[in-house]
Amino acid sequence: MRRPASGEEPLSGQTSHVGRLAATVERLRGEVRAAHAAADGRALVELAKGVLIERLQCGPAQATRQLTELADQAGLSQLELAADIINQAARDQVAHIAGDFVRRTSGDGTCAGETGSSVAVRLRTAESAALAAGDTQVVAESLLEHALAPLGATAVAVWAAGSDASLTLCGHAGFSADEAGRWRYVPPGVATVARQALSERRTVRVFSLAEAGIPSIGHAQTPAGGRVALPAGTGGRIHGVLEICWPQPLTPQSPAIVHQIQALAELCAHTLESVPAAGVHLPSARELADVSELVDLSDGLYDPALVLTPHLDAEGDLSDFRIRHVNSNFVDPAGRPRSAVNGALLLEAYPMAVDDSELFGKIDRVYATGEPFRARRMTLTALVDQVPLASVADLSISRHGGSVLLIWRIEDETARLASLLQHAQRLGRIGGFEENLVTGEITWNGQLFALYGRPVTEDPVSLQDLTDHAHPDDAVAIGRFLQAVLHHRRPASTGFRLMRPDGVTRHIRVIAEPVLDADDRLLAVRGAYQDISSQHWTEVALAATRDQLAHTEQESAERSRLALQLQHAIMPPTRAPLDAPGLQIAVRYRPAETESLVGGDWYDTVVLPSKRILLCVGDIAGHGIDAATGMVVLRNAMRGLAVTGAGPGQLLSWLNIVAHHLTEQVTATAVCGLFDPETRVLRWARAGHLPPVLVRGQEATALPLPGGLLLGALAEVEYEETEIQLEPHDTLLMYTDGLIERRDTAVQESLTQLLATAQAPATTLERRLDRLLTHSSSDTDDDTCLIGIEVS
């Protein structure tokens, strides 16, 4: 047969054959679906006829006519009426679900325009198909066809929860056989949508499977589709998970749809109880009630154990757990007998369990999901006679069928103290011993064998043989120790160097006391050894450090003493007034209060050969001997340069060269002035220093600042000069920053305070300078230089 070429229309005969074949397949599929629906509906109708036969005491034919007449009178189909009759007659879980759904959705509209009766029909039809089916696969198909497909769902998976919190696919619809085979079993710990619903015990809604990044069955088929997974459980126990799939991203659902999906999950839970999946054991009602095997198991345990069974309220919800059995090893935290606990409700016997790190919640979770719980050293509290008693326990909680086994090992106080003592000995490197002097038996603990470096299979060392294992120089000290304990019978201690068999020397302190009988006879000696090697070497290191520190302190004190002597030799704290024509000059120098802060502040007043007067104040950066020697260099250099007759700007330029090239990284600030007694003109320049203060009459002002960088920063610097005409009785103040500098105040604010103090009237220049030092607000503990010049 010739195939049509590319772009060629297929033959009409072929089209008709394929179309007829497709139509036939579709027709047969419709007939199969209709047959299934009719079979499910017939089951409901036949069940309703049976109810009428029992109630009306009539035959099958009369029941059929009665059902038809009642449906016509009510304006319902026979299937809808049959569902109502069954719901009224059964009053079982399905009837409750359907009725509750109708009540909750009345007033806000039913989903997709359906009535409450149609919902009841769908739920009852799904149940009828489930009961008529022989496996859970048909249950899943019935749920999808009768209840979920009208909601837009395209697939459904029914998972059974195992005792180890695993998931087994026990029914599915809408997924291929290969996909279902790949997801037949989900081990514990694998994160899926159904696993999240099981672990968190709540409804999980995934609006888009791809965006959520959580794998699940069929994720490759509809990656952008939405999922809803609901725990399916009864009486506080989750039997499985119902997972519903939509082909498109999930949108917010109306309350009606949410209620109907919850009703389907409840129906699925009861179905999982009665219809087991292949390979999944779901205990029957008899198995849930029978706990004799678990009781026998608990009695065979060496650990204290309780057997708990669920206690349901009138609504069938889990409210508490009944203590069905406590084994013979159980110890109540409050000290009550086992008979007072056996048979009681858990929260009645231990009301604080609801707050004890959520103990009750952990038991509830284990019972619901089947996933066991283990915890060590968990704090528990028992409330007895309104008195809380705290204790520590190791817990193990596991589900067995419909019961829970709680292993509750209360920590023994004696064992805890013994363990605490053992750890204390290990951490403190302490070993205990006891030597019976009557029998010669010697008992060592394991830590003492470790201190001696001897295996536990060797014999312990007697006190009499202690010198054989010690350094020879320690024999005298050990002899005094033994004499005090064995002969004078009084406690004693001593230190010695233990020579171990492995060649290691350890510093040990031994302490012992005699044990006497009623007749004051020596029976035994007991005591302890402690490894103090770390302490010994620490003391040696500390002694060496103290010696080094004392040597360093001595050197530092010597350097400070030399620097202070050098500073005081050149810059004495007080100085006789300088004999200068036309000027009265006074100086004050206040050393730092702390000798370790010996600085480099300096001043100088010299009458030059030209009869002009050199006035200088400077401050070397830093403290100590280096600052003091730098101060000497700059001060002497300024004196030598001043005889050249150069101006103050040139003198500072030359002094900058000295600071930069002829000293070791010295930087300094300075102010230099030349006063002419004949003209009363003061020419001055500054190198990064604070401005002089002029006091004229009752007013004090700071002189305008000429430009000038600090000394030693650059190789060559030009300094500006300025001059001021002084008048009789004017006072000029030149100072270093130690007079005004404060850590918490800006320099400009401190300068303002200085001006306020300086303008106060004073009888003499000396008193003015003394007042400035007295009222100085400086807190830097630095040297202070102050020169006062009063024009005659």
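Asp604 is buried, its relative accessible area being just 1%. Keep in mind that this is a predicted model. The salt-bridge partner of Asp604 is Arg635, with 3.5 Å between the closest N and O atoms. That contact spans distant parts of the chain, since Asp604 sits in strand β19 (residues 600-607) and Arg635 in helix α20 (residues 625-642), 31 residues apart. Is Arg635 buried or exposed? Arg635 counts as buried, because its relative accessibility is 8% and the cut-off for buried is under 20%.

Now for another pair. Arg683 and Glu721 meet through their side chains in a salt bridge, at 2.7 Å from N to O. Arg683 belongs to strand β22 (residues 681-687) and Glu721 to the loop between β24 (699-702) and β25 (722-725), so this salt bridge ties together parts that are 38 residues apart in sequence. Arg683 comes out as partly exposed at 29% relative accessibility, and Glu721 is partly exposed too, at 36%.

Then there's Glu200 with Arg202, whose side chains form a salt bridge at 2.5 Å, N to O. Glu200 is partly exposed at 39% relative accessibility, and Arg202 is partly exposed at 40%.

Here are the three pairs side by side:

| Salt bridge | N to O distance |
|---|---|
| Asp604 and Arg635 | 3.5 Å |
| Arg683 and Glu721 | 2.7 Å |
| Glu200 and Arg202 | 2.5 Å |

How many salt bridges are there in total? The count comes to 20. Salt bridges also join up into a network, with Arg429, Arg506 and Asp531 linked in it.

On to a sheet. Six strands make up an open sheet, a set of 6 in the order β3-β2-β1-β6-β5-β4 with antiparallel pairing. Which strands sit at the edges? They are β3 (185-186) and β4 (204-206), each pairing on one side only. Further in, β1 (residues 155-161) runs antiparallel to β6 (residues 237-245), and the two pair over 6 bridges. One residue to look at there is Ala160, whose bridge partner in β6 is Gly240.

Helices pack on this sheet as well. Helix α6 (residues 136-148) touches β1, β2 (167-173) and β6, and its direction makes about 50° with that of β2. Helix α8 (residues 193-200) lies across β1, β2, β3, β4, β5 (227-234) and β6, running at about 145° to β6.

How values were computed
Residues are numbered from 1 along each chain as its sequence is written. This is a predicted model: local features need pLDDT of at least 70, side-chain atom pairs count only at pLDDT 80 or more; totals for chains, interfaces and linings use all residues. Side-chain values use heavy atoms; hydrogens and water are left out. A salt bridge is a side-chain nitrogen of Lys or Arg within 4 Å of a carboxyl oxygen of Asp or Glu. Buried means under 20% relative accessible area, exposed over 50%, partly exposed in between (1.4 Å probe, protein chains only). Helices (H or I, at least four residues) and strands (E, at least two) are DSSP runs, numbered from the N terminus. Two strands pair if DSSP finds at least two bridges between them. Contact means heavy atoms within 4.5 Å. Axes are lines fitted to C-alpha atoms, for helices over the stretch in contact, and angles run from 0 to 180 degrees between N-to-C directions.
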